[in-house]
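Grab the model and work through these exercises on charged and aromatic side chains. Try each task before you read its solution.

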Amino acid sequence: MKRVVLVLVIALSHILFAQEQWPQFRGPGGEGVVDLQGLPYEWSESQNVKWKTAIHDLGYSTPVILNNQVWFTTATTTGEKMYAICLDLETGKVVHDILVFTNTDPQGIHKLNSYATPSATIEPGRVYVHFGTFGTACLDTQTGKKIWEQRGLKIEHMQGPSASPIIYKNLLIVHMDGTDVQYITAMDKNTGKVVWKTERPQEYYKDVRPVWRKGYTTPLIINWKGKTQLISVAGQVVQSLNPVTGDVYWYVVLAGDSPVPSPVFWNGLVYVNGGYHSRTPSLWAVAVDGSGNVTDTHVKWKTDQHISNEASPVVKDGLLYVVNDRGEAACLDATTGDMFWEHRLSGKYGASLLLNQDKVYFFSKRGLCTVVKTGKKLEILAENQLDDGFYASAAAVEKSLILRTSTHVYRIKE
(Lines give C-alpha, C1' and ligand atoms only; values in the text may rest on other atoms or scores of the structure.)
Protein backbone atom coordinates (compact mmCIF):
# COMPACT_ATOMS: atom_id res chain seq x y z
CA MET A 1 0.00 0.00 0.00
CA LYS A 2 2.81 2.40 0.86
CA ARG A 3 4.41 1.70 -2.50
CA VAL A 4 1.15 2.52 -4.33
CA VAL A 5 0.83 5.79 -2.40
CA LEU A 6 4.46 6.68 -3.20
CA VAL A 7 3.88 6.05 -6.93
CA LEU A 8 0.77 8.24 -6.85
CA VAL A 9 2.63 11.03 -5.06
CA ILE A 10 5.47 10.90 -7.61
CA ALA A 11 2.99 10.92 -10.50
CA LEU A 12 1.12 13.85 -9.01
CA SER A 13 4.36 15.79 -8.48
CA HIS A 14 5.25 15.32 -12.16
CA ILE A 15 1.83 16.64 -13.19
CA LEU A 16 2.13 19.67 -10.90
CA PHE A 17 5.67 20.34 -12.11
CA ALA A 18 4.48 20.24 -15.72
CA GLN A 19 1.77 22.80 -14.89
CA GLU A 20 4.31 25.16 -13.34
CA GLN A 21 6.79 25.26 -16.22
CA TRP A 22 7.05 26.54 -19.77
CA PRO A 23 10.68 25.63 -20.43
CA GLN A 24 11.15 26.58 -24.08
CA PHE A 25 9.59 28.11 -27.18
CA ARG A 26 6.12 26.55 -27.62
CA GLY A 27 6.11 24.87 -24.23
CA PRO A 28 7.00 21.49 -22.70
CA GLY A 29 6.61 19.53 -25.94
CA GLY A 30 7.73 22.32 -28.25
CA GLU A 31 4.45 22.22 -30.20
CA GLY A 32 2.16 24.74 -28.49
CA VAL A 33 -0.21 22.09 -27.08
CA VAL A 34 -0.94 21.89 -23.35
CA ASP A 35 -3.57 20.29 -21.12
CA LEU A 36 -4.23 22.71 -18.26
CA GLN A 37 -7.35 23.11 -16.16
CA GLY A 38 -8.82 26.56 -15.73
CA LEU A 39 -6.82 28.37 -18.39
CA PRO A 40 -8.63 31.67 -19.08
CA TYR A 41 -10.10 32.39 -22.49
CA GLU A 42 -11.67 35.78 -21.78
CA TRP A 43 -9.78 38.94 -20.80
CA SER A 44 -9.23 42.63 -21.51
CA GLU A 45 -7.14 45.46 -20.07
CA SER A 46 -9.65 45.64 -17.21
CA GLN A 47 -10.59 41.97 -16.85
CA ASN A 48 -8.56 38.98 -15.60
CA VAL A 49 -5.20 40.81 -15.60
CA LYS A 50 -3.32 39.75 -12.48
CA TRP A 51 -0.33 41.94 -13.34
CA LYS A 52 1.10 43.92 -16.23
CA THR A 53 4.80 44.85 -16.43
CA ALA A 54 6.35 47.31 -18.87
CA ILE A 55 9.46 46.11 -20.73
CA HIS A 56 12.25 48.34 -21.97
CA ASP A 57 13.56 48.28 -25.54
CA LEU A 58 12.21 45.62 -27.96
CA GLY A 59 12.04 41.84 -28.19
CA TYR A 60 9.76 39.15 -29.62
CA SER A 61 11.02 36.16 -27.62
CA THR A 62 8.43 34.02 -25.86
CA PRO A 63 8.70 34.03 -22.04
CA VAL A 64 9.95 30.80 -20.44
CA ILE A 65 8.85 29.89 -16.92
CA LEU A 66 10.15 27.73 -14.08
CA ASN A 67 10.22 27.91 -10.26
CA ASN A 68 8.17 31.10 -10.05
CA GLN A 69 10.42 32.91 -12.55
CA VAL A 70 9.49 34.33 -15.97
CA TRP A 71 12.50 34.85 -18.28
CA PHE A 72 12.72 36.54 -21.68
CA THR A 73 15.09 38.69 -23.72
CA THR A 74 15.03 42.23 -25.08
CA ALA A 75 17.45 44.45 -26.99
CA THR A 76 17.93 47.96 -28.20
CA THR A 77 16.36 48.60 -31.59
CA THR A 78 19.81 49.14 -33.08
CA GLY A 79 21.27 45.93 -31.60
CA GLU A 80 24.13 47.39 -29.56
CA LYS A 81 22.81 46.03 -26.25
CA MET A 82 21.10 42.69 -25.51
CA TYR A 83 19.41 41.85 -22.21
CA ALA A 84 17.88 38.97 -20.25
CA ILE A 85 15.01 39.87 -17.89
CA CYS A 86 13.44 37.82 -15.10
CA LEU A 87 10.06 38.61 -13.53
CA ASP A 88 8.48 37.16 -10.42
CA LEU A 89 5.56 34.98 -11.55
CA GLU A 90 3.37 35.97 -8.62
CA THR A 91 3.88 39.73 -8.68
CA GLY A 92 5.31 40.63 -12.09
CA LYS A 93 8.13 42.56 -10.42
CA VAL A 94 11.58 42.60 -12.06
CA VAL A 95 13.98 40.18 -10.34
CA HIS A 96 16.89 40.45 -12.81
CA ASP A 97 17.65 42.83 -15.67
CA ILE A 98 20.96 41.66 -17.10
CA LEU A 99 23.03 43.17 -19.89
CA VAL A 100 24.21 39.97 -21.59
CA PHE A 101 26.02 41.24 -24.71
CA THR A 102 27.16 44.49 -26.25
CA ASN A 103 27.85 44.77 -29.98
CA THR A 104 29.57 47.28 -32.23
CA ASP A 105 28.16 47.72 -35.74
CA PRO A 106 25.67 44.78 -35.57
CA GLN A 107 24.08 43.28 -38.66
CA GLY A 108 20.83 44.79 -39.86
CA ILE A 109 17.47 43.08 -39.39
CA HIS A 110 14.09 42.96 -41.13
CA LYS A 111 11.53 45.57 -40.10
CA LEU A 112 9.26 42.80 -38.75
CA ASN A 113 12.02 41.30 -36.61
CA SER A 114 13.86 42.30 -33.42
CA TYR A 115 17.38 41.66 -32.11
CA ALA A 116 15.83 39.56 -29.31
CA THR A 117 13.46 37.23 -31.15
CA PRO A 118 14.92 33.78 -30.24
CA SER A 119 13.32 32.49 -27.04
CA ALA A 120 15.36 31.31 -24.07
CA THR A 121 15.21 27.81 -22.65
CA ILE A 122 15.32 27.03 -18.93
CA GLU A 123 16.01 24.19 -16.50
CA PRO A 124 16.52 24.15 -12.72
CA GLY A 125 19.20 26.68 -11.83
CA ARG A 126 20.05 27.75 -15.37
CA VAL A 127 18.56 29.74 -18.21
CA TYR A 128 20.08 29.75 -21.71
CA VAL A 129 19.64 32.90 -23.81
CA HIS A 130 20.40 33.00 -27.51
CA PHE A 131 20.74 35.92 -29.92
CA GLY A 132 21.76 34.05 -33.08
CA THR A 133 25.12 35.13 -34.48
CA PHE A 134 25.49 37.70 -31.69
CA GLY A 135 25.98 35.03 -29.03
CA THR A 136 24.61 32.45 -26.63
CA ALA A 137 24.95 32.55 -22.84
CA CYS A 138 24.08 30.46 -19.79
CA LEU A 139 22.94 32.40 -16.71
CA ASP A 140 22.44 31.38 -13.09
CA THR A 141 18.73 31.84 -12.42
CA GLN A 142 19.22 32.84 -8.78
CA THR A 143 22.10 35.29 -9.06
CA GLY A 144 21.78 36.32 -12.70
CA LYS A 145 25.52 35.79 -13.17
CA LYS A 146 26.86 34.51 -16.48
CA ILE A 147 28.12 30.92 -16.24
CA TRP A 148 29.45 30.74 -19.80
CA GLU A 149 29.13 32.41 -23.17
CA GLN A 150 29.63 31.24 -26.75
CA ARG A 151 30.22 33.92 -29.39
CA GLY A 152 31.95 31.82 -32.04
CA LEU A 153 28.86 30.64 -33.97
CA LYS A 154 28.80 33.17 -36.78
CA ILE A 155 26.49 33.53 -39.77
CA GLU A 156 24.98 36.32 -41.86
CA HIS A 157 21.29 36.32 -40.90
CA MET A 158 20.41 39.04 -43.42
CA GLN A 159 17.09 39.67 -41.64
CA GLY A 160 18.07 39.05 -38.03
CA PRO A 161 17.97 36.02 -35.69
CA SER A 162 14.79 34.05 -34.93
CA ALA A 163 15.46 30.34 -34.28
CA SER A 164 15.32 29.35 -30.59
CA PRO A 165 17.54 26.80 -28.82
CA ILE A 166 16.30 23.56 -27.29
CA ILE A 167 17.77 21.27 -24.61
CA TYR A 168 18.25 17.55 -25.20
CA LYS A 169 20.02 15.65 -22.42
CA ASN A 170 23.38 17.40 -21.95
CA LEU A 171 23.10 19.38 -25.20
CA LEU A 172 21.90 22.83 -26.18
CA ILE A 173 20.90 22.60 -29.86
CA VAL A 174 20.53 25.58 -32.21
CA HIS A 175 19.91 26.26 -35.89
CA MET A 176 22.35 28.54 -37.70
CA ASP A 177 21.06 29.02 -41.25
CA GLY A 178 22.44 32.15 -42.88
CA THR A 179 22.96 33.46 -46.37
CA ASP A 180 26.65 32.51 -46.17
CA VAL A 181 26.79 29.26 -44.16
CA GLN A 182 24.09 26.87 -42.98
CA TYR A 183 24.38 24.34 -40.18
CA ILE A 184 22.80 22.93 -37.02
CA THR A 185 24.98 22.55 -33.95
CA ALA A 186 24.90 21.20 -30.39
CA MET A 187 26.80 22.72 -27.49
CA ASP A 188 27.61 21.15 -24.16
CA LYS A 189 25.06 22.88 -21.93
CA ASN A 190 27.56 22.92 -19.04
CA THR A 191 30.37 24.68 -20.90
CA GLY A 192 29.06 26.11 -24.18
CA LYS A 193 31.65 24.15 -26.18
CA VAL A 194 30.55 22.70 -29.52
CA VAL A 195 29.90 18.93 -29.33
CA TRP A 196 28.76 18.36 -32.91
CA LYS A 197 28.05 20.43 -36.00
CA THR A 198 26.18 19.22 -39.09
CA GLU A 199 26.28 21.29 -42.25
CA ARG A 200 23.30 21.43 -44.58
CA PRO A 201 23.73 19.41 -47.84
CA GLN A 202 25.47 21.99 -50.01
CA GLU A 203 24.42 20.40 -53.30
CA TYR A 204 21.01 22.00 -52.72
CA TYR A 205 22.43 25.40 -51.75
CA LYS A 206 25.26 26.22 -54.16
CA ASP A 207 23.12 27.22 -57.15
CA VAL A 208 20.45 29.27 -55.35
CA ARG A 209 20.47 32.94 -54.40
CA PRO A 210 21.80 33.74 -50.90
CA VAL A 211 18.35 34.93 -49.79
CA TRP A 212 16.99 31.41 -50.40
CA ARG A 213 19.59 29.78 -48.14
CA LYS A 214 18.53 31.25 -44.82
CA GLY A 215 16.11 29.75 -42.31
CA TYR A 216 14.54 30.75 -39.00
CA THR A 217 12.84 27.67 -37.54
CA THR A 218 13.29 26.05 -34.12
CA PRO A 219 14.03 22.29 -34.13
CA LEU A 220 11.69 19.69 -32.63
CA ILE A 221 12.44 16.44 -30.78
CA ILE A 222 10.03 13.59 -31.60
CA ASN A 223 9.87 9.89 -30.77
CA TRP A 224 8.25 7.47 -33.19
CA LYS A 225 8.24 3.71 -32.66
CA GLY A 226 11.07 3.93 -30.16
CA LYS A 227 13.33 6.12 -32.31
CA THR A 228 14.18 9.65 -31.16
CA GLN A 229 14.59 12.14 -33.99
CA LEU A 230 15.57 15.79 -34.20
CA ILE A 231 13.40 17.43 -36.88
CA SER A 232 15.30 20.32 -38.40
CA VAL A 233 13.78 22.59 -41.06
CA ALA A 234 16.12 24.78 -43.13
CA GLY A 235 15.91 26.96 -46.22
CA GLN A 236 16.27 24.15 -48.76
CA VAL A 237 15.71 20.92 -46.80
CA VAL A 238 14.05 19.36 -43.79
CA GLN A 239 16.31 16.86 -42.05
CA SER A 240 15.86 14.21 -39.38
CA LEU A 241 18.97 13.80 -37.24
CA ASN A 242 20.22 11.79 -34.32
CA PRO A 243 20.14 14.47 -31.57
CA VAL A 244 23.11 12.92 -29.75
CA THR A 245 25.52 12.76 -32.70
CA GLY A 246 24.10 15.01 -35.42
CA ASP A 247 24.04 12.16 -37.94
CA VAL A 248 21.30 12.49 -40.58
CA TYR A 249 18.58 9.82 -40.77
CA TRP A 250 16.53 11.20 -43.68
CA TYR A 251 15.80 14.41 -45.53
CA VAL A 252 13.33 16.03 -47.92
CA VAL A 253 14.31 18.68 -50.47
CA LEU A 254 11.98 21.66 -49.94
CA ALA A 255 13.74 24.17 -52.22
CA GLY A 256 11.98 27.01 -50.42
CA ASP A 257 12.96 30.36 -49.02
CA SER A 258 13.25 31.50 -45.38
CA PRO A 259 10.97 29.11 -43.43
CA VAL A 260 10.02 30.54 -40.03
CA PRO A 261 7.22 28.39 -38.46
CA SER A 262 8.41 25.45 -36.40
CA PRO A 263 7.30 21.88 -37.13
CA VAL A 264 4.62 19.88 -35.32
CA PHE A 265 4.13 16.10 -35.18
CA TRP A 266 1.17 13.71 -35.11
CA ASN A 267 0.75 9.99 -35.74
CA GLY A 268 3.90 9.39 -37.76
CA LEU A 269 3.71 12.61 -39.78
CA VAL A 270 5.68 15.78 -39.24
CA TYR A 271 4.24 19.03 -40.60
CA VAL A 272 6.92 21.43 -41.83
CA ASN A 273 6.88 24.85 -43.41
CA GLY A 274 8.39 24.64 -46.88
CA GLY A 275 9.20 28.33 -47.06
CA TYR A 276 8.19 30.53 -49.97
CA HIS A 277 7.31 28.96 -53.31
CA SER A 278 6.38 31.58 -55.93
CA ARG A 279 5.98 34.02 -53.01
CA THR A 280 3.47 31.70 -51.30
CA PRO A 281 4.44 29.70 -48.18
CA SER A 282 3.66 25.99 -48.16
CA LEU A 283 3.05 23.24 -45.59
CA TRP A 284 4.36 19.69 -46.14
CA ALA A 285 3.26 16.51 -44.34
CA VAL A 286 6.19 14.08 -44.21
CA ALA A 287 6.25 10.52 -42.88
CA VAL A 288 9.12 10.11 -40.40
CA ASP A 289 10.03 6.44 -41.01
CA GLY A 290 12.35 6.93 -43.97
CA SER A 291 16.07 6.79 -44.67
CA GLY A 292 18.18 8.96 -46.95
CA ASN A 293 16.49 11.21 -49.52
CA VAL A 294 12.76 10.56 -49.13
CA THR A 295 11.46 13.52 -51.16
CA ASP A 296 9.73 11.29 -53.71
CA THR A 297 8.42 8.67 -51.29
CA HIS A 298 7.50 10.17 -47.91
CA VAL A 299 5.77 13.49 -48.66
CA LYS A 300 2.14 12.53 -48.03
CA TRP A 301 0.57 15.87 -48.93
CA LYS A 302 1.31 19.57 -49.18
CA THR A 303 -0.73 22.75 -49.44
CA ASP A 304 -0.35 26.48 -49.84
CA GLN A 305 -3.84 27.34 -48.57
CA HIS A 306 -3.86 29.64 -45.50
CA ILE A 307 -0.22 28.80 -44.64
CA SER A 308 1.74 31.33 -42.62
CA ASN A 309 5.07 33.01 -43.21
CA GLU A 310 5.54 33.30 -39.42
CA ALA A 311 2.99 31.58 -37.14
CA SER A 312 3.58 27.94 -36.19
CA PRO A 313 0.50 25.66 -36.36
CA VAL A 314 -0.94 23.25 -33.77
CA VAL A 315 -2.20 19.70 -34.25
CA LYS A 316 -4.26 17.42 -31.99
CA ASP A 317 -6.56 14.43 -32.49
CA GLY A 318 -6.06 14.43 -36.24
CA LEU A 319 -6.92 18.11 -36.72
CA LEU A 320 -4.36 20.70 -37.84
CA TYR A 321 -5.02 24.40 -37.17
CA VAL A 322 -3.27 27.15 -39.15
CA VAL A 323 -3.45 30.89 -39.73
CA ASN A 324 -1.64 32.94 -42.35
CA ASP A 325 -0.24 36.45 -42.08
CA ARG A 326 -3.50 37.98 -43.35
CA GLY A 327 -5.59 36.30 -40.67
CA GLU A 328 -7.05 33.50 -42.79
CA ALA A 329 -7.48 30.65 -40.29
CA ALA A 330 -8.33 27.07 -41.17
CA CYS A 331 -8.79 23.57 -39.75
CA LEU A 332 -7.30 20.77 -41.85
CA ASP A 333 -7.47 16.99 -41.77
CA ALA A 334 -3.98 16.07 -40.52
CA THR A 335 -3.98 12.83 -42.53
CA THR A 336 -5.07 14.17 -45.92
CA GLY A 337 -4.75 17.97 -45.81
CA ASP A 338 -8.45 18.39 -46.64
CA MET A 339 -10.04 21.52 -45.19
CA PHE A 340 -12.90 21.31 -42.68
CA TRP A 341 -13.39 25.04 -42.18
CA GLU A 342 -11.81 28.41 -42.98
CA HIS A 343 -12.45 31.83 -41.48
CA ARG A 344 -11.02 35.33 -41.83
CA LEU A 345 -9.88 36.76 -38.49
CA SER A 346 -9.36 40.46 -37.90
CA GLY A 347 -5.83 41.81 -38.29
CA LYS A 348 -2.45 40.33 -39.21
CA TYR A 349 -0.81 37.34 -37.51
CA GLY A 350 2.73 36.20 -36.67
CA ALA A 351 2.63 34.69 -33.17
CA SER A 352 2.33 30.91 -32.99
CA LEU A 353 -0.95 29.24 -32.11
CA LEU A 354 -1.72 27.77 -28.67
CA LEU A 355 -4.03 24.80 -28.08
CA ASN A 356 -5.34 23.92 -24.62
CA GLN A 357 -7.86 21.09 -24.22
CA ASP A 358 -10.76 22.12 -26.51
CA LYS A 359 -9.61 25.65 -27.35
CA VAL A 360 -7.28 27.17 -29.95
CA TYR A 361 -5.88 30.69 -29.36
CA PHE A 362 -5.00 32.97 -32.31
CA PHE A 363 -2.95 36.11 -31.44
CA SER A 364 -2.89 39.13 -33.78
CA LYS A 365 -0.33 41.90 -34.25
CA ARG A 366 -2.96 44.38 -33.05
CA GLY A 367 -3.43 42.75 -29.64
CA LEU A 368 -6.56 40.73 -30.49
CA CYS A 369 -6.79 37.10 -29.37
CA THR A 370 -9.58 35.03 -30.93
CA VAL A 371 -10.38 31.78 -29.11
CA VAL A 372 -11.95 28.99 -31.19
CA LYS A 373 -13.39 25.67 -30.07
CA THR A 374 -11.56 22.66 -31.46
CA GLY A 375 -13.46 20.57 -33.98
CA LYS A 376 -14.50 20.17 -37.60
CA LYS A 377 -17.01 23.01 -37.36
CA LEU A 378 -16.07 26.60 -36.59
CA GLU A 379 -17.21 27.95 -33.22
CA ILE A 380 -15.75 31.21 -31.92
CA LEU A 381 -15.75 31.33 -28.10
CA ALA A 382 -14.22 34.75 -27.38
CA GLU A 383 -12.41 37.78 -28.77
CA ASN A 384 -10.04 39.52 -26.36
CA GLN A 385 -8.30 42.84 -26.93
CA LEU A 386 -5.17 44.28 -25.29
CA ASP A 387 -3.57 47.66 -25.92
CA ASP A 388 -0.63 46.47 -28.00
CA GLY A 389 0.14 43.72 -30.50
CA PHE A 390 1.45 40.16 -30.23
CA TYR A 391 4.73 39.35 -31.95
CA ALA A 392 5.87 36.90 -29.25
CA SER A 393 4.03 33.60 -28.79
CA ALA A 394 2.06 32.82 -25.63
CA ALA A 395 3.12 30.78 -22.59
CA ALA A 396 0.81 28.94 -20.18
CA VAL A 397 1.33 27.78 -16.58
CA GLU A 398 -1.02 26.69 -13.81
CA LYS A 399 -4.28 28.57 -14.54
CA SER A 400 -2.56 31.49 -16.24
CA LEU A 401 -1.51 32.78 -19.62
CA ILE A 402 1.73 34.75 -19.81
CA LEU A 403 1.34 37.09 -22.76
CA ARG A 404 3.99 39.39 -24.17
CA THR A 405 2.99 42.32 -26.34
CA SER A 406 5.36 44.77 -27.97
CA THR A 407 5.54 46.83 -24.77
CA HIS A 408 4.41 44.72 -21.77
CA VAL A 409 4.23 41.26 -20.24
CA TYR A 410 0.87 40.23 -18.74
CA ARG A 411 -0.28 37.48 -16.44
CA ILE A 412 -3.86 36.62 -17.41
CA LYS A 413 -5.73 34.70 -14.72
CA GLU A 414 -9.38 34.45 -13.72
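**Exercise 1.** Find the salt bridge between Lys359 and Asp358, and classify the accessibility of each partner.

*Solution.* Keep in mind that this is a predicted model. Start with the distance: the closest N and O atoms of Lys359 and Asp358 are 3.0 Å apart. The cut-off is 4 Å, so the pair qualifies as a salt bridge. Next, check accessibility. Lys359 has a relative accessible area of 14%, so Lys359 is buried. Asp358 comes out at 28%, so Asp358 is partly exposed. One more thing to pick up while you're on charges: Lys50, Glu90, Glu398 and Arg411 are joined into one network by salt bridges that share partners.

**Exercise 2.** How many salt bridges does the structure hold? Then take the one between Lys189 and Glu123 and work out where its two ends sit.

*Solution.* The count is 14 salt bridges. For Lys189 and Glu123, the closest N and O atoms lie 3.0 Å apart. Now place the ends: Lys189 is in the loop between strand S13 (182–188) and strand S14 (194–199), while Glu123 belongs to strand S7 (residues 121–123). That's 66 residues apart, so the pair links distant parts of the chain. Last step, accessibility. Buried means under 20%, so Lys189 at 14% counts as buried. Glu123, at 17%, is buried by that cut-off too.

**Exercise 3.** Is Glu328 buried or exposed? And is Arg344, its salt-bridge partner, buried or exposed?

*Solution.* First, the contact: the side chains of Glu328 and Arg344 meet in a salt bridge at 3.9 Å, N to O. Glu328 is in strand S26 (residues 328–333) and Arg344 in strand S27 (residues 339–344), 16 residues apart. Glu328 has a relative accessible area of 18%, so Glu328 is buried. Arg344 has 52%, and the cut-off for exposed is over 50%, so Arg344 is exposed.

**Exercise 4.** Classify the ring pairs Trp43–Tyr361 and Trp224–Phe265 by the angle of their planes.

*Solution.* A search of the whole structure turns up 11 aromatic pairs. In the pair of Trp43 and Tyr361, the ring centres are 6.4 Å apart and the planes are at 10 degrees, so call this pair stacked. Trp43 is in the loop between strand S1 (33–34) and strand S2 (49–54), and Tyr361 is in strand S29 (residues 359–363), 318 residues apart. Both Trp43 and Tyr361 are buried.

Now turn to Trp224 and Phe265. Their ring centres are 5.9 Å apart with planes at 75 degrees, so this pair is edge-to-face. Trp224 lies in strand S15 (residues 220–224) and Phe265 in strand S19 (residues 264–266), 41 residues apart. Trp224 is partly exposed at 25% relative accessibility, whereas Phe265 is buried at 15%.

**Exercise 5.** Which residues form one aromatic cluster with Trp43? And which rings do the charged ends of Lys197 and Lys227 sit over?

*Solution.* Begin with the cluster: Trp43 is joined by Tyr361, Phe363 and Phe390. Then go to the lysines. The charged end of Lys197 is placed over the ring of Tyr183, 4.2 Å from its centre. For Lys227, the ring underneath is that of Tyr249, with the charged end 3.9 Å from its centre.

Notes. Residues numbered from 1 in each chain as written. Predicted model: local features only at pLDDT ≥ 70, side-chain atom pairs only at ≥ 80, totals over all residues. Heavy atoms only, no water. Helix = DSSP H or I, 4+ residues; strand = E, 2+ residues; numbered from the N terminus. Buried < 20%, exposed > 50% of the residue type's maximum accessible area, 1.4 Å probe, protein only. Phe/Tyr/Trp six-rings, centres within 6.5 Å; stacked < 30°, edge-to-face > 60°. Lys NZ or Arg CZ within 6 Å of the ring centre and 35° of its normal.
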